[in-house]
Amino acid sequence: MLKKRAKYVAVSAAGVLGLSLGLAACGGGDSGESSSKALLMVSEDAIEHLDPQRIYVGVDIADTTRLVYRQLLAFPSSTDPKVSGTPTPDLATDTGTSTEGGKVWSFTVKDGVKWQDGSEITCEDFAYGASRNFAADELTGGPGFYLTAKLALKGEYPGPYTATPEQQADFDQAVTCDGKTITYKFKTPWPDFPLAIASLHMMDPYKKSFDKGAKNDDVIFSNGPYKVDKWSATKGGTLIRNDEYDPKTDDKSLREALPDKIEFKYGEKPETLYEKLFSDSPDSQYIVPKQSRVPPEFYSRLTEAGVKDRYVQVKSPYVDYLVPNQNQMKDPKVRRALALATNVEAWIAAGGGEKAYTPADSIVNPAVGGYVPNPSFKDRNLAGDVEGAKKLLAEAGVKTPYPITFTYPQSDTADKQAAALVETWEAAGFKVTLDPLGDVYYTEIQKPSNEADVMWGGWGADWPSAMTVTAALFDSRQIEKSTNGQNYGNYKNEKVDALFDKAGSAATIEEQNKYLQEADATMGEDTAYIPLEIATFNWVYGSKVKNFTTTTASSSFAELGSIDIED
């Protein structure tokens, strides 16, 4: 899942995992002053996608699951990783039935579950939601490639907006409804399909009569405990109780929905936010940081009285990395030279040091099954090998200084980190232009025509499998005319794609991991990516916030399933 760039002392930008619920829906205008009895979620930036089939950022997946979008299955809000990593029935009556060795899965929709307008959630709503994943030209940026690669279609299916009757019939034979029971048929076994359902919103129901395609990207049609009261897409707004939500159909391990009202405020710089939180000012006491972690300049104050009891540190599930653009930087020796010259130590120091990061040696987080260090990065010089990089550029026969543009999501801290990379890159023979972008960052780098030479990325496994990291990021078949999906560097290697196919059809996890590790080693040789670090999340929350926790289900951000505030 996508990791938005963390904002510390930043000007607005679009970094993952750092999001706030940018719901543009009924009503508009400023959200106004926060109620003293509302949970206040504060962030600098708004979300990029609120369409469930397009959401692909960990914190947004988790938050929308707890608040507005229910799924067939969901993860509990437990602090026990084993519990929070086990799918639990949500809109489905159970965790599903599989046949044909995992190639066919069926689920039955619960009685009494409704949309915010009072209409029943039907099997057909789930089928329609699944079909929207195929409309990649209209609904860009989501994780639907998992489904489009696996569904047992006989031909091409472009999604519900442009499908011919024959194409729609093809989809309808692969996703069928029998009363309240929906059945999905796949080309190959998908034994961990329940994990995919609980981890992402791609299989969520969607009401056809509500669908306006890309125009609905900032609109929420809720089936959860909250609905939008009023909203400004740029300033924030308010969620209130959804009267059509019946808690009897829900499981409290998934969502307790304790606050009566939740307000979102956009545009608050982390520096300002944490000054309020550290001083425990009256306007900060109900605040939970939505995205912004403690800025490095506040680290020395984390042991202060009144602060230390509200301080939480947790390892993140993400790896931050650089992505050379294969369409721009075509020579493998030039890409390898860039990797050798990358000063990871300087990057980490500029971002806050060891309290904020630990070095990474793979794009797969060590907590994910199948992790092994990538041989190309296992024993590298973390301070950068300038002389080795110079030698490779000479062997490549390119004219130096070799011009490159580094595009990244802008923030004050990111600016410092980007600048920290320039010294060794230029000493090695590159001429660097820094290209910070704001809220359009992911929209821009997901264009195959993007002309950046190297980009920043951040990623965490969609569910506990390396398949949802390496294949999700680097399978070349997600690249289309208008989008490269998550393959920002437009990486293509038929050998690697073949290994992904073998991994996807493997009979055991051990066999799957073997193929994925071989693919990762090849990607390292190709310099498909350059691992940077694993972020550590540091949080401080308001003094009247209760039950603040982070879980694996919340991607190490605030867990909204059990959070509450004092009366």
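Start by selecting strands S1 and S10: these two pair in the parallel sense over four bridges. Strands here are DSSP runs of E with at least two residues, helices are runs of H or I with at least four, and both are numbered from the N terminus. Two strands count as paired if DSSP finds at least two bridges between them.

A quick note before you click on. This is a predicted model, where local features need pLDDT of at least 70 and side-chain atom pairs count only at pLDDT 80 or more, while totals for chains, interfaces and linings use all residues. Residues are numbered from 1 along each chain as its sequence is written, and side-chain values use heavy atoms, with hydrogens and water left out.

**Stop 1: around S1**

Zoom in on Val-42, which stands opposite Lys-265 in S10. Now add S11, which pairs with S1 in the parallel sense over three bridges. There, Met-41 has Val-288 of S11 as its bridge partner. Are the two faces of S1 covered or open? Both are covered: Leu-39 and Met-41 on one side, and Leu-40 and Val-42 on the other, are all buried. Buried means under 20% relative accessible area, exposed means over 50%, and partly exposed is in between (1.4 Å probe, protein chains only).

**Stop 2: helix H7**

Next, select residues 270-279, which make up H7. Its buried residues include Leu-273, Tyr-274, Leu-277 and Phe-278. What do the buried residues of H7 pack against? Colour S1 (39-42), S10 (262-265), S11 (287-289) and S18 (530-540) to see the answer. Just after H7 comes Asp-280, which has a positive phi, near 55°.

**Stop 3: the disulfide**

A search of the whole structure finds one disulfide (a pair of cysteine sulfur atoms within 2.5 Å). Show Cys-123 and Cys-177 as sticks: their sulfur atoms are 2.1 Å apart. The torsion about their S-S bond is about -95°, so this disulfide is left-handed. Cys-123 lies in helix H3 (residues 123-132) and Cys-177 in strand S6 (residues 175-178), so the pair ties together parts that are 54 residues apart in sequence. Cys-123 is buried, at 2% relative accessible area, whereas Cys-177 is partly exposed, at 32%.

**Stop 4: rings**

Now show the aromatic side chains. Rings of Phe, Tyr and Trp (its six-membered ring) pair if their centres lie within 6.5 Å; planes under 30 degrees apart are stacked, over 60 edge-to-face, and the rest tilted. How many aromatic pairs does the search of the whole structure find? It finds 36. One of them is Phe-406 with Trp-425, an edge-to-face pair at 5.6 Å centre to centre, with 80° between the planes. Phe-406 sits in strand S15 (residues 402-409) and Trp-425 in helix H11 (residues 412-428), so their pairing ties together parts 19 residues apart in sequence. Phe-406 is buried at 0% relative accessibility, and Trp-425 is buried at 0% too.

Then pick Trp-105, Phe-107, Tyr-184, Phe-186, Trp-190 and Phe-193, which ring pairs link into a cluster.

**Stop 5: the core**

Finish with the largest nonpolar core, which has 154 residues. Such a core is a set of buried Ala, Val, Leu, Ile, Met, Phe, Trp, Tyr and Cys residues joined through side-chain atoms within 4.5 Å. Among the residues with the most contacts inside this core are Phe-107, Tyr-184 and Phe-406. Centre your view on Tyr-184: leaving aside neighbours within four places in sequence, the residues in contact with Tyr-184 (heavy atoms within 4.5 Å) include Leu-72, Phe-126, Val-175 and Met-203.
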